[in-house]
Protein chains: 2
Amino acid sequence: MSGPAQRRITIKEVAEAAGVGVATVSRVLSGGSASAETREKVLAAAARLDYRPSALGRNLRRQRTGGIGLLVPDITDSFYARLADGVLSCARSYGEPVTVGVTGDDPEREAELIGTLIEQSMDRLIAVPSGDGETWGLALRAGLNVVFADRRVRADVPSVVPDDRAGVLTAVEYLAGLGHRKIAYLGRHGQSQRVAAFTSAIASLGLPADRDLVVHARSSRDSAYAAAAGLLQHRADVTAVIAGGNVLGEAAVLAARELDVRIPKDVSLIMFDDVPWAELCSPPLTVIAQPAQDIGYRAAELVLRHGRRPPAVTLPTQLVVRASCGPKVSAPRR
Amino acid sequence: MSGPAQRRITIKEVAEAAGVGVATVSRVLSGGSASAETREKVLAAAARLDYRPSALGRNLRRQRTGGIGLLVPDITDSFYARLADGVLSCARSYGEPVTVGVTGDDPEREAELIGTLIEQSMDRLIAVPSGDGETWGLALRAGLNVVFADRRVRADVPSVVPDDRAGVLTAVEYLAGLGHRKIAYLGRHGQSQRVAAFTSAIASLGLPADRDLVVHARSSRDSAYAAAAGLLQHRADVTAVIAGGNVLGEAAVLAARELDVRIPKDVSLIMFDDVPWAELCSPPLTVIAQPAQDIGYRAAELVLRHGRRPPAVTLPTQLVVRASCGPKVSAPRR
DNA sequence: ACCGCTCATGGAAACGATTCCATCATGGTT
DNA sequence: AACCATGATGGAATCGTTTCCATGAGCGGT
């Protein structure tokens, strides 16, 4: 099965092999001052013995764990997977390990995961927050160094978010330009920013306000499908839908097919988040592209060199026109 | 910015508050024997102070880190994201944190990540291996408790893999049943098992063997596209393609569109790995579904309770017929 | 020649938990 | 009454590292 599990060599043995004290070895290895001769000896001994300092010992002494925690609602969602990839990519260049947790957009699970992270003395955390400000108040008071990604729930925590305001406005303007007046937003937990931007955009373009035109789903695929189907079924008057994420968009396409609603003939669809399959879909989906990977990367940068961090970074989105939007139909669908 | 970072409370303070010794506190909290009265006092004090044991202290003493490492080629790939989700889901029920690394199918990066993990004294690792047996020999000798997922590169390491042999055979038989004789396999790094199964299946059905019918791509999207385009362009005689993963399938669809090769009229396509968009694609893709999440979950189970582990678990795949395969065309494509 | 300054160096404390071991009380048996 | 077995308990060692502090050497300036 596994090998004889050879004991790991410690700084003490390196010191002995080099004929110096442990303090000197530590100093040399962490870049402190030492004579050229001593440095040579220590380095040679360390290399010869293939010495690897124990992160455990170091962290215990330093009272902080290297490494960063990452909390996302769903690693299976392409958006969060790309965000995670950005974080991992940045962390790798610093040699920092990343511990990932999946919250499922459940504040309770989130709190639990934060607890685990604190137990590990992890002091840096990137999170797509599910809970409200209160959960995070506790985390902050515990000394955690938090950066929010994708969503901002507290003003006093640095965050990296896509430009939802501009993204939604672009989408609504584009649809309005095609003649649509009844536009629905299919969103989910944690998108209050976007919903606000949506209603504000609707108002600013003089379109009829209707709070029922905002539909919410939980973060599962089933819930997304139910919400999309419900919207298409009960509101035959809406001629355009904005889906607030790729699983919502997928659900909308599926539901439309099931209900014989044709895209874009009967209803136009814009999806938030450009994913590889958007182009493969039938019809190819017009999307608001979000720089998911960049969001992760920038968040990691912020949390890693946390000197004088700006309170908030906003990254631009981009409208990518494909074939899921058309002019408004004159006759109602049903 | 961040709060005053209150100092964390230690076992010593709990002991003092409860009026007992630290040893007793430790014993009570880890389920050792103690009188009912003492247990009561300790539990009360711990709760009152909101005590959380430091994983650092514990691990240093125990000489092993809880938590498990997870190495995947690409977290952005839906297959590995689902695999990771399975691991995370299982780990969560044990309260174990998971540290994720992305290897990019590069043995060098993989070795580097293993090094980082060893530095953290992590002793449990789930990996989709990129390197050959040698890399892993070192890791094993360092006392790592490894479980392979998705691929098996050493017989002496427990592993959880999909039933490639049966999956490939099913795909080839299905295509042969439709009259196809020139079937190509579009694979990538690390799929030697599947390639072997493919050539063996071809042979067993009496189809013409042709080693050029196996094309390899590296794990990037660009490389996948190039390989797919090259195959479709230079081998006008192949009438069916098996793509060895969802990014390869995506690349094949894209390349076919670009080259005006119609699916399934001109060439049939079977993709390994069922992803949500396979149904949304035009045409909907016939796939070999793989239980990615299960693979991750089972691997995590194996690595967590590593008592008497079986050398290998093989999970079934399933053919899902949609609309990307058709009968062989009689006239050559070009 | 002496003083004070800088610099390299090593011993030892500290971090927070677990666990060995000695101590002590208790209760039952000879 | 003496003794042993059992079980609860706390002191102290330990894990591997960093870092404080004391020591001593070398050296230039007065």
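Contact, in these legends, means heavy atoms within 4.5 Å. By that yardstick, chain B puts 53 residues into the contact between the two protein chains and chain A puts in 51 residues. Keep in mind throughout that this is a predicted model.

**View 1. Where chain A and chain B meet.**
The size of an interface is often given as the accessible area lost when the parts come together. Here chain B and chain A bury about 5000 Å² between them, and 60% of that area sits on carbon and sulfur atoms. The polar side of the story is there too: 15 residue pairs are in polar contact between chain B and chain A, with both partners at pLDDT 80 or more. On the chain B side, the elements giving at least two residues each are α4, α5 (78-94), β2 (98-102), α6 (107-119), α7 (133-141), α11 (246-258) and α12 (277-280). The largest share, 6 residues, belongs to α6(B). Sort the chain B side that touches chain A by class and you get 22 nonpolar, 16 polar and 15 charged residues.

**View 2. A salt bridge across the chains.**
How many salt bridges are there between chain B and chain A? The count is 4. One to zoom in on pairs the side chains of Glu112(B) and Arg92(A), with 3.7 Å from N to O.

**View 3. Strand β2 of one chain pairs with β2 of the other.**
In this close-up, β2 of chain A (residues 98-102) is joined to β2(B) by 3 bridges. Do the two strands run parallel or antiparallel? They run antiparallel. To get your bearings, find Val100(A), which stands opposite Val98(B) in β2(B).

**View 4. The protein surface around DNA strand D.**
Both chains show up here: 27 residues surround DNA strand D, and the closest are Ile11(A), Tyr51(A), Arg61(A), Thr24(B) and Thr38(B). Of the DNA strand D atoms that come within 4 Å of the protein, 64% belong to sugar and phosphate. Which helices each supply at least two residues of this surface? They are α2 (22-29) and α4 (55-62) of chain A, along with α2 (22-29) and α4 (55-62) of chain B. The largest share comes from α4(A), with 5 residues. By class, the surface near DNA strand D breaks down into 10 nonpolar, 11 polar and 6 charged residues.

**View 5. Side chains reaching DNA strand D.**
Start at the phosphates. A side-chain N or O atom of Thr24(B) is 2.4 Å from a phosphate oxygen of DNA strand D, and a polar side-chain atom of Ser26(A) lies 2.7 Å from a phosphate oxygen of that strand. Then move to the bases: Arg27(B) has a polar side-chain atom 2.9 Å from a base nitrogen of DNA strand D.

**View 6. The protein surface around DNA strand C.**
Of the 26 residues around DNA strand C, the nearest are Thr24(A), Thr38(A), Ile11(B), Ser26(B) and Arg61(B). Sugar and phosphate make up 66% of the strand C atoms that come within 4 Å of the protein. Helices α2 and α4 of chain A, plus α2 and α4 of chain B, each give at least two residues to this surface. Here α4(B) has the largest share, 5 residues. The class tally for the surface near DNA strand C is 9 nonpolar, 11 polar and 6 charged residues.

**View 7. Side chains at the phosphates of DNA strand C.**
Three side chains are worth picking out. Gln63(A) has a polar side-chain atom 2.8 Å from a phosphate oxygen of DNA strand C. In the side chain of Ser35(A), an N or O atom is 3.1 Å from a phosphate oxygen of DNA strand C. From chain B, a polar side-chain atom of Arg58(B) lies 3.1 Å from a phosphate oxygen of DNA strand C.

**View 8. Backbone oddities in the loops.**
Most residues other than glycine have a negative phi, and most peptide bonds are trans. Asp50(A), though not a glycine, has a positive phi of about 55°; look for it in the loop between α3 (36-49) and α4 of chain A. A cis peptide bond joins Ile263(A) to Pro264(A), with omega about 5°, and Pro264(A) is in the loop between α11 (246-258) and β9 (268-272) of chain A. In chain B, the bond between Ser282(B) and Pro283(B) is cis, with omega about 0°. Pro283(B) sits in the loop between α12 and β10 (286-289) of chain B.

Technical notes: Residues numbered from 1 in each chain as written. Chains lettered and ligands numbered in written order. Predicted model: local features only at pLDDT ≥ 70, side-chain atom pairs only at ≥ 80, totals over all residues. Heavy atoms only, no water. Near = heavy atom within 4 Å. Polar contact = N/O pair within 3.5 Å; in protein donor to acceptor, adjacent residues only side chain to side chain. Helix = DSSP H or I, 4+ residues; strand = E, 2+ residues; numbered from the N terminus. Nonpolar A, V, L, I, M, F, W, Y, C, P; charged D, E, K, R; others polar. Buried area = accessible area lost by both parts, 1.4 Å probe. Pairing = 2+ DSSP bridges.
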